[in-house]
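Please open the structure in your viewer and keep the selection tool at hand. The tour proceeds from one selection to the next and states what is found at each stop.

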Amino acid sequence: MGDDTNPWVTGGVASEDEQEILPAVQSTTRREVLRGPTAPQPTAVQMPESADRLPTRQVFTGVSMWWLGAHGGAGESTLSALVQGSQPAEHAWPLPNERGVSNRVTVLARTNYAGLMAAQRAAREWAAGTTAGLVDLAGLVLVADAPGRRPRELRQLEQHIAGGYPRLWTLPWVEAWRMGPPSPDGMPREYRALLADLNLTASTN
């Protein structure tokens, strides 16, 4: 799904042919596979309307990872609390305030319909080249919006949108963090796998 005909560019749900191959992809849990383009495709993707773009802001460099929530409540604060040296991007593309460098960014979204659509818009914006040379996009992290297995329709849409990102990780619902602050000591294996894949270190707080 990494070529110029990626269906996520035009929106909608994956075709029947694509849906037939999804179960094999969905079986990957601990280590998600590469999904789509690793660099913007400005000649293949049209620039989104301004209303569909995330804002930008200049930030300092030296951050291990910027967590960019594609929408409110995506998990920026949770991941930044769990990962040493990382920062929440405050729902805006974090552009470096120094020339010749790029900021490492991972997009976050919830697994409900609104969250997935926000993730798709962010993917289209990145692919259109709006942050080319300024953002090193690691991939997409989808955080469960509720406990239990997601409906089939959402899982299909999730895999469809994953084609717009270099890589996908899915993180489970953590009931303990609903009632209290997130703690590195209680991170599920999927969270630890994410950190290992991105060469990040868990916070010691």
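**First stop: strand 5**

Select residues 103-110, which form strand 5. Helices (H or I, at least four residues) and strands (E, at least two) are DSSP runs, numbered from the N terminus. Six of the eight residues in strand 5 are buried, so that the strand is mostly covered. Buried means under 20% relative accessible area, exposed means over 50%, and partly exposed lies in between (1.4 Å probe, protein chains only).

Before continuing, please note that this is a predicted model, in which local features need pLDDT of at least 70 and side-chain atom pairs count only at pLDDT 80 or more, while totals for chains, interfaces and linings use all residues. Residues are numbered from 1 along each chain as its sequence is written, and side-chain values use heavy atoms, with hydrogens and water left out.

**The neighbours of strand 5**

Add strand 2 (65-69) to the selection. Strand 2 and strand 5 run parallel and are joined by four bridges; two strands pair if DSSP finds at least two bridges between them. Within this pairing, leucine 68 stands opposite valine 107 of strand 5.

Next, add strand 6 (135-143). Which way do strand 5 and strand 6 run, and how many bridges join them? They run parallel, with eight bridges between them. Arginine 104 faces aspartate 136 of strand 6, and leucine 108 faces valine 141 of strand 6.

**Strand 6 and the crossovers**

Keep strand 6 selected: eight of its nine residues are buried. Strand 6 also pairs with strand 7 (168-171). This pairing is parallel and has four bridges, and in it valine 143 stands opposite leucine 171 of strand 7. From strand 6 the chain passes through helix 4 to strand 7 in a right-handed β-α-β crossover. A crossover is right-handed if, with the strands pointing away from the viewer, the path from the first strand over the helix to the second runs clockwise. Strand 5, helix 3 and strand 6 likewise form a right-handed β-α-β unit.

**Helix 3 and glutamate 125**

Select helix 3, residues 113-127, and then glutamate 125 within it. Glutamate 125 is buried but has no salt bridge. A salt bridge is a side-chain nitrogen of Lys or Arg within 4 Å of a carboxyl oxygen of Asp or Glu. Which side chain of opposite charge is nearest to glutamate 125? It is arginine 53, at 5.7 Å; Lys and Arg count as positive and Asp and Glu as negative, while His and the chain ends are not counted. Neighbours within four places in sequence aside, glutamate 125 is in contact (heavy atoms within 4.5 Å) with residues including Pro48, Trp93 and Thr130.

**Helix 6**

Move to helix 6, residues 189-197. Its buried residues are Glu190, Tyr191, Ala193, Leu194, Leu195 and Asp197. They pack against strand 2, helix 2 (76-82), strand 6, strand 7 and helix 5 (176-179). After helix 6 comes asparagine 199, whose phi is positive, near 55°.

**The salt bridges**

Side chains of opposite charge can pair when their charged atoms come close. The salt bridges in this model number four, and three of them may be visited here.

- Select glutamate 158 and arginine 150: their side chains form a salt bridge (2.9 Å, N to O), and both residues are buried.
- Select aspartate 197 and arginine 167: their salt bridge is 3.7 Å, N to O. Aspartate 197 lies in helix 6 and arginine 167 in the loop between helix 4 (152-162) and strand 7, so this pair ties together parts that are 30 residues apart in sequence. Aspartate 197 is buried, at 17% relative accessibility, and arginine 167 is partly exposed, at 22%.
- Select glutamate 175 and arginine 178: the closest N and O atoms of this salt bridge are 3.7 Å apart. Glutamate 175 is partly exposed, with a relative accessible area of 40%, whereas arginine 178 is exposed, at 57%.

**Last stop: confidence**

Finally, colour the chain by pLDDT, the predictor's confidence in each residue, from 0 to 100. The protein chain averages 86, and 82% of the residues score at least 70. Over residues 9-30, however, the pLDDT is below 50.
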